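Reader: Please give me a close look at one part of this protein, and then relate that part to the rest of the chain. I am in my first year, so please state the cut-off for each term.

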Amino acid sequence: MDDVERIERAMVRIRRRQRRRTLARRQGMSGQAFDVLDAIEAGRAVTVSEIAQALGVDQPRASRLVAAAVADGLVRREADQADGRRSVLVLTEAGQEAVAQAHRTRRAAFAAAMAGWTEAERAEFARLLTRFVDALPD
């Protein structure tokens, strides 16, 4: 097996272990709500259309996902100040805490996986992984 194949297999294993649904289950929330949180976590207000684009789903599916997140109290709709005919989505305090908890959970898992690594190994891995991800096509 060559290096590229080993990397591919490792990336698939990472993806399977870090799926949104798996992370949502660990936090006791619906996977649908977590999908929306993941898409708007940047902290800015977004529209349902932007959620659809970020998640790669159609508008009706995005609307259902947003409705689940609103029902869970993680997201709220607000009138768009620039265009009163539309609404934007923002994280509630509970949504912000859920996002913060997701980050803590991921970081703890990553730290545990690298527990035996030296600082130099961690730094080199971070450098190479960042370079690799930056070079991947969108």
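Author: E124 and R127 stand three residues apart in helix α7, so about one helical turn separates them. Helices (H or I, at least four residues) and strands (E, at least two) are DSSP runs numbered from the N terminus. The model is a predicted one, in which local features need pLDDT of at least 70 and side-chain atom pairs count only at pLDDT 80 or more, while totals for chains, interfaces and linings use all residues. Residues are numbered from 1 along each chain as its sequence is written, and side-chain values use heavy atoms, with hydrogens and water left out.

E124 and R127 form a salt bridge, their closest N and O atoms being 2.8 Å apart. The term requires a side-chain nitrogen of Lys or Arg within 4 Å of a carboxyl oxygen of Asp or Glu. E124 has a relative accessible area of 36% and is therefore partly exposed; R127, at 43%, is partly exposed too. Here buried means under 20% relative accessible area, exposed means over 50%, and partly exposed lies in between (1.4 Å probe, protein chains only).

Helix α7 covers residues 119-135 and also gives the most to a nonpolar patch, with four residues. That patch lies on the surface and consists of I7, W117, F125, L129, F132, V133 and L136, with about 570 Å² of accessible area together. Accessible areas come from the Shrake-Rupley method with a 1.4 Å probe, and for residues only the protein chains shown count as cover. Patch residues have over 30% relative accessible area and no salt bridge; like charges are joined within 9 Å, and nonpolar side chains (Val, Leu, Ile, Met, Phe, Trp, Tyr) within 5 Å. L129, a residue of helix α7, is partly exposed because its relative accessibility is 33%.

L129 leads from the surface patch to another feature, the largest pocket, whose space comes to about 970 Å³. Of the 23 residues that line this pocket, A10, M11, I14, F125 and L129 are the closest to its centre. F125 and L129 thus appear both in the patch and in this central group. Helix α7 shares in the lining with α1 (3-17) and α6 (93-113), and each of the three supplies at least two residues. By type, the lining divides into 16 nonpolar residues, one polar and six charged. Ala, Val, Leu, Ile, Met, Phe, Trp, Tyr, Cys and Pro count as nonpolar, Asp, Glu, Lys and Arg as charged, and the others, Gly among them, as polar.

A pocket is an open set of points, on a 1 Å grid over the protein atoms alone, where a 1.4 Å probe fits, with protein on both sides within 12 Å along at least five of seven lines; lining residues have an atom within 4 Å of a point. Its volume is the space filled by probe spheres set on the points, which are joined across faces, edges and corners.

The rest of the chain can now be placed around helix α7. The protein has seven helices and two strands, in the order α-α-α-α-α-β-β-α-α from the N terminus. It contains 138 residues, of which 27% count as buried.

The pair in helix α7 is joined by other charged pairs, since the whole structure holds five salt bridges. In one of them, the side chains of E97 and R104 meet at 2.4 Å, N to O. E97 is partly exposed, with a relative accessible area of 43%, and so is R104, at 38%. R76 and E78 form another such contact at 2.8 Å, N to O. Both of these residues are partly exposed, R76 at 38% and E78 at 32%.

Some residues elsewhere are buried. I40, in helix α3 (residues 31-40), has a relative accessible area of 2% and so counts as buried. Its C-alpha atom is 9.3 Å from that of V75, although 35 residues separate the two along the chain. A69 belongs to helix α5 and is buried at 0% relative accessibility. The C-alpha atoms of A69 and L37 are 7.8 Å apart, across 32 residues of sequence.

D72, by contrast, sits in the loop between α5 and β1 (75-79) and is partly exposed at 40%. D72 and A94 are 22 residues apart along the chain, with 9.2 Å between their C-alpha atoms. D58 occupies the loop between α4 (48-55) and α5 (59-71) and is partly exposed, with a relative accessible area of 47%.
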